[in-house]
Amino acid sequence: MAQEIERKFLVVGDRWRELAEGVYYRQGYLQRQPERTVRVRLAGEQGYLTIKGKSTGISRLEYEYQIPQADALEMLDILCDCPQIEKKRYCIPYEGFIWEVDEFFGENEGLILAEIELQSEAQTFLKPDWIGAEVTQFSRYFNAKLVSYPYSRWTTAEQQLD
């Protein structure tokens, strides 16, 4: 069984940009339900199929498999919901952890999030100075939710609640 334990944060400022080069991601969803999501992703040139279970706190089951690039592209073009997630991911090491910073494009332009994966829900970590408010508890920041309710449709108040 694969367990994902992840926390999400807003990103502040631009200093993080100089710390890593980004990789372009395109991802779509074959299924988006609270109990499970099935995602197809193209990360650079590599395809992935990912199945995630329902979140309990900051944990959920996650199974990820590499698939051929051509299969990923075909599923994204024909089978996946729209709009799809377009983003550039930057993997930035800091104090023994890798922070994944996602800069969104398309329908989610303007949204920049950072994620950190942990070994346990109680694990402590230091935050870089470009990490802002935690948004783990807000499901609207889940990529699967950004498909049905993209950042471009959020009200100013929703964007500032966090």
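Is Cys82 buried or exposed? I looked this up first. The model is predicted. Cys82 has 63% relative accessibility, so I log it as exposed.

**Cysteines**

I next looked for disulfides. I need sulfur atoms within 2.5 Å to call one. The count came to zero. I then checked Cys82 for a partner. Its nearest cysteine sulfur belongs to Cys80, and that atom is 8.0 Å away. Cys82 is therefore in no disulfide, given the 2.5 Å cut-off. I also looked up Cys91. Its relative accessible area is 40%, so I put Cys91 down as partly exposed.

**Fold elements**

I went through the secondary structure. The protein chain holds nine strands and three helices. I read the order from the N terminus as β-β-β-β-β-α-β-β-β-β-α-α.

**Overall shape**

I checked the radius of gyration. For 162 residues, a compact globule would come out near 15 Å. The protein chain has 15 Å, so the two agree. I also noted the box along the principal axes. The C-alpha atoms fill roughly 40 × 35 × 30 Å.

**Packing and surface**

I looked up burial across the protein chain. Buried residues are 44% of the 162. I then turned to contacts with a separation of 6 or more. Of these, 58% join residues 24 or more positions apart. The accessible surface is about 8700 Å². Carbon and sulfur atoms supply 50% of that area.

**Charge**

Last, I tallied charged side chains. I have 27 negative and 19 positive in the protein chain. The centres of the two sets lie 4 Å apart.

Key. Residues are numbered from 1 along each chain as its sequence is written. This is a predicted model: local features need pLDDT of at least 70, side-chain atom pairs count only at pLDDT 80 or more; totals for chains, interfaces and linings use all residues. Side-chain values use heavy atoms; hydrogens and water are left out. Helices (H or I, at least four residues) and strands (E, at least two) are DSSP runs, numbered from the N terminus. The radius of gyration is taken over C-alpha atoms; the globule rule is 2.2 Å times the number of residues to the power 0.38. Buried means under 20% relative accessible area, exposed over 50%, partly exposed in between (1.4 Å probe, protein chains only). Contact means heavy atoms within 4.5 Å. Accessible areas come from the Shrake-Rupley method with a 1.4 Å probe; for residues, only the protein chains shown count as cover. Lys and Arg count as positive and Asp and Glu as negative; His and the chain ends are not counted. The place of a charge is taken as NZ of Lys, CZ of Arg, CG of Asp or CD of Glu.
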